[in-house]
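Subject: Structure handover

Hello,

Please find the structure below. Some notes on what was found in it follow.

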Amino acid sequence: MADAVGNEPRRVLIAADKFKGSLTAVQVAERVTAGLRRVVPDLGAEALPVADGGDGTVDAAVAAGFERREVRVAGPLGQEVTAAFALRDGTAVVEMAEASGLQHLPAGVFAPLTASTYGSGELLRAALDAGARTIVFGVGGSATTDGGAGMLSALGARFLTEAGDPVPPGGGGLAALARADLSGLDPRLASVELVLASDVDNPLTGPEGAPAVYGPQKGATPDEVAVLDAALAHFAEVLEATAGPRAAEYAAAPGAGAAGGIGFGALLLGARFRPGIEVMLDVLGFAPALERASLVITGEGSLDEQTLHGKAPAGVAAAARAAGRTVVAVCGRLTLPDEALLRAGIERAYPLTSVEPDVARCIAEAGPILEQIAARIAKDYLS
């Protein structure tokens, strides 16, 4: 089994995201490895599960050798939930969905006006307590549209009504905001490098803002979207009076609208915005793993137009192509034409539907079908 160029044996790097609803990123790597070794039993395969800052980010960090830490925090509706973050050598990977994600809502229940990011702030505080000097804050999959007000409150900020009472939780409650006090923010935040990792670059409000674009996914009706957009705009105005012109700049900045506007709150804390997959590839040690590989297999549940806009496979493919590596992708469903894949740096994509046309069966039996797909890749590229 020789490389196409020399006599070195081929080595494969599996750097795929989860197949949402079917397989975690770790399980994808396991199944792909098993399928490849059906054809090439002694294959050198290295697994590096990846994520773009959304749900699954902590799991990817743990798979790369970070320590998993669990804490009890407030869920989006105020109920106590168990949330995890990852820690290694002073770097914490915090995933806001662990505390404030849609998965913490009862089935079929949405709370677009009242869901709060308070637990995400508690999770950041736990990372500080654990001694983190750098915090990668992955945002996505949120149940919330509160502009990060809950998170800031958990870190010591105060948001008060005209009567001096705390505003109600959630984005809707910000309509009653009269005064913001940031003087009580945890002083440790000033000495920590905070990185906002996200795959979206929306501003806080307006036609491309958090309520308009993502509110409906969280159950917001058109009227509730309007309420939330006005409330977040008011939130930004009050903070401008407190924190100065930078608050208005942050509200309009790329990433401010991420995860229901928690990006805005993170920017107020001094976070630096970076595309989630770029940050995670750095944190996970992708570059040295790539040096060891001649073929890279990436992928996610659906390879579609969204993939091209900052999702994990596009980030992996761009980095691998720049290093001169061949990249193929696995996926559940493929809607991108060959030309779009090639422009993204992906030589070929292998959807589960090419083996099993029934989408429901692909979802239910994703693991075994993915092994078949991987065996096909081995025959095409490694035999």
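Is phenylalanine 264 buried or exposed? Phenylalanine 264 is buried, with a relative accessible area of 0%; buried means under 20% relative accessible area and exposed over 50%, with partly exposed in between, using a 1.4 Å probe and protein chains only.

Before the rest, two remarks on the basis. This is a predicted model, in which local features need pLDDT of at least 70 and side-chain atom pairs count only at pLDDT 80 or more, while totals for chains, interfaces and linings use all residues. Residues are numbered from 1 along each chain as its sequence is written, and side-chain values use heavy atoms, with hydrogens and water left out.

Overall picture

The protein contains 15 helices and 13 strands, taken as DSSP runs numbered from the N terminus (helices: H or I, at least four residues; strands: E, at least two). Its C-alpha trace spans about 75 × 40 × 35 Å along the principal axes. Of the 383 residues, 56% count as buried. Contacts (heavy atoms within 4.5 Å) are often long-range: among those with a separation of 6 or more, 71% are between residues 24 or more positions apart.

Aromatic rings

A search of the whole structure finds two aromatic pairs. Rings of Phe, Tyr and Trp (its six-membered ring) pair if their centres lie within 6.5 Å; planes under 30 degrees apart count as stacked, over 60 as edge-to-face and the rest as tilted. One pair is phenylalanine 159 with phenylalanine 235, edge-to-face at 5.4 Å centre to centre and 70° between the planes. This pair links distant parts of the chain, since phenylalanine 159 is in strand 7 (residues 158–160) and phenylalanine 235 in helix 7 (residues 222–243), 76 residues apart. Phenylalanine 159 counts as buried at 5% relative accessibility, and phenylalanine 235 is buried at 0%.

Phenylalanine 235 also pairs with phenylalanine 264: the ring centres are 5.8 Å apart and the planes at 80°, so this pair is edge-to-face. Phenylalanine 264 is in helix 9 (residues 258–268), 29 residues from phenylalanine 235. Ring pairs thus link Phe159, Phe235 and Phe264 into a cluster.

Alanine 60

Alanine 60 is found in helix 2 (residues 57–63) and is buried, with a relative accessible area of 2%. Leaving aside neighbours within four places in sequence, alanine 60 is in contact with Pro49, Val50, Ala51 and Leu284. Lysine 18 is 42 residues from alanine 60 in sequence and 9.5 Å away in space, C-alpha to C-alpha.

Regards
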